[in-house]
Amino acid sequence: MLVDSAGLWFRSYYALPDSLTAPDGTPVNSVRGFCDMLAKLITDRRPSRLVACLDNDWRPQFRVDALPSYKAHRVAEDDPDAEEVPDSLSPQVPVILEVLDAAGIATAEAEGYEADDVIGALADREEKDAVEVVTGDRDLFQLVRDRPTSVRVIYVGAGLAKAQDYGPAELADKYALSADRAGDDYAEMAVLRGDPSDGLPGVAGIGEKTAAKLITQFGSLEALLAAADGGDSRLTPRVRGKLADAAGYLAAAPSVVRVARDAPVVMDRADDALPQSPVDIDRLRALQQTWGLGASIDRLIAALSE
C-alpha cells in the first residue's frame, strides 16, 4: 500500500473541526483524522507492506519550467516557494510524522519531487507484490496496470467510506478508455482536458468526453497530434484548429502531468513491511498523551496488532 500522505492529512484537516485540540490548545484534527484513516485502511485492506509517501517539493521546478502556471494559484502570498497551507495545519504535520516513526511505518520521499512521483516510482518498480495506491488525486489513475504486478488505485476523493477501487478495466469503463492502455490513456486525456486545480489550462473547447474519444480513436496523444498536423480528415477543422492553437501547451504538459517514475526515492528505513505492533509503543503513548490524540492512537495500535 502506497499512501498519498499529504492528500490524507489535508482531507482530514477539512473533514474534522479544529476544535479537536491538544491539552495546550493546538489543533490536532488533521493528526487524529489521519491516524483514523490509516487505521481503517490497515484493518480493512490488511497490506503486508505500507509506505507513507511524502512531498519533498510540492511544486517541482522541472514542472514549473515546463508550465509556469502549474499550481501557481496555490503559492503563498508571503513566500513564493511555499504552498498556501492553513496556519493550524502546518504544526500538525511534524506530529503526524512522529506518529508514523514511532509506529514503525515507513515513509519515502525524493528530493525535488512530489509524493505523486514517489508513488509512481515505487509502483513502477514493484515486481513482487500487488500494489494499492491510496489517494484522492485522480492524476494517479495513470499508474493502473495488470502486469507484471497489478497496480490499483483506491480513490478516496469522496472520503474513505466511499472509496472506489480502480484497475485498468474499471478505469477504462468509467472514462471510455482503452482497457489495454487505460493508465496511459488517462494521462493523455488529462493533458487535453486540463485541470484547473493544478493550473493546467487544457485545450480550449475540448472537455473530458471529447478528450477520451480523441485519444482512443487515434491510439495516443502523439498519434493524435501527428494526425492533426497532417490534416487527417477524421478531425474536423475546428478540432485541428484548437489543437494547433494549444501547440505550446501540448508540447509542455505531458512532462507535467506524467509522474516521474525515475524519481530518486529515499526510504526512512530499510524495511517497508507493516509492523505487527508499534516499534516504539512508549513513544507512541507519549505522543498520544502530549497531543491529546485519544482513541485515534488506540485504533492505530489495534490495527497494527490484529
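How much space lies in the second largest pocket? I looked this up before anything else and noted about 320 Å³. The model I am working from is predicted.

**Second largest pocket**

I listed the lining next. It has 18 residues, and those closest to the pocket centre are Met1, Arg49, Glu126, Ala130 and Val131. I then checked which elements supply at least two residues of this lining, and found α5 and β6 (131-135). Sorted by class, the lining of the second largest pocket holds nine nonpolar, one polar and eight charged residues.

**Largest pocket**

I turned to the largest pocket and read a volume of about 1000 Å³. Its lining has 41 residues, of which Ala6, Phe10, Asp55, Arg74 and Glu83 are the closest to the centre. I noted five elements giving two or more residues each to this lining: α1, α4 (92-103), α5 (115-125), α7 (182-193) and α11 (247-257). Which element gives the most to the lining of the largest pocket? I found that α1 does, with six residues. By class, I recorded 18 nonpolar, six polar and 17 charged residues for the lining of the largest pocket.

**Helices α1 and α2**

Since α1 had come up, I looked at how it packs. Two packed helices are described by the angle between their axes and the distance between the axes. For helix α1 (residues 5-15) and helix α2 (residues 29-45), I noted axes that come within 7 Å and cross at roughly 120°. I therefore entered α1 and α2 as oblique to each other. The crossing of the two helices is right-handed. On the α1 side, I listed Ser5, Leu8, Trp9, Arg11, Ser12 and Tyr13 as making the contact. On the α2 side, the contact residues are Asn29, Ser30, Gly33, Phe34, Met37 and Leu41. I sorted the residues of the α1 and α2 contact by class and got six nonpolar, five polar and one charged.

**Backbone entries**

Where is Arg46 placed? I located Arg46 in the loop between α2 and β2 (51-53). I noted a positive phi of about 45° for Arg46, although this residue is not a glycine.

I also looked at the peptide bond from Arg147 to Pro148: cis or trans? I entered this bond as cis, with omega near 0°. Pro148 lies in the loop between β6 and β7 (151-155). I had already met β6 as one of the elements lining the second largest pocket.

Notes: Residues numbered from 1 in each chain as written. Predicted model: local features only at pLDDT ≥ 70, side-chain atom pairs only at ≥ 80, totals over all residues. Heavy atoms only, no water. Axes fitted to C-alpha atoms, helices over the stretch in contact; angles between N-to-C directions. Helix = DSSP H or I, 4+ residues; strand = E, 2+ residues; numbered from the N terminus. Parallel < 35°, antiparallel > 145°, perpendicular 65-115°, else oblique. Left-handed = near helix turned anticlockwise from the far one by under 90°. Contact = heavy atoms within 4.5 Å. Nonpolar A, V, L, I, M, F, W, Y, C, P; charged D, E, K, R; others polar. 1 Å grid on protein atoms, 1.4 Å probe; cavity = no way out; pocket = protein on both sides within 12 Å on 5 of 7 lines; lining within 4 Å. Points joined across faces, edges and corners; volume = space filled by probe spheres on them.
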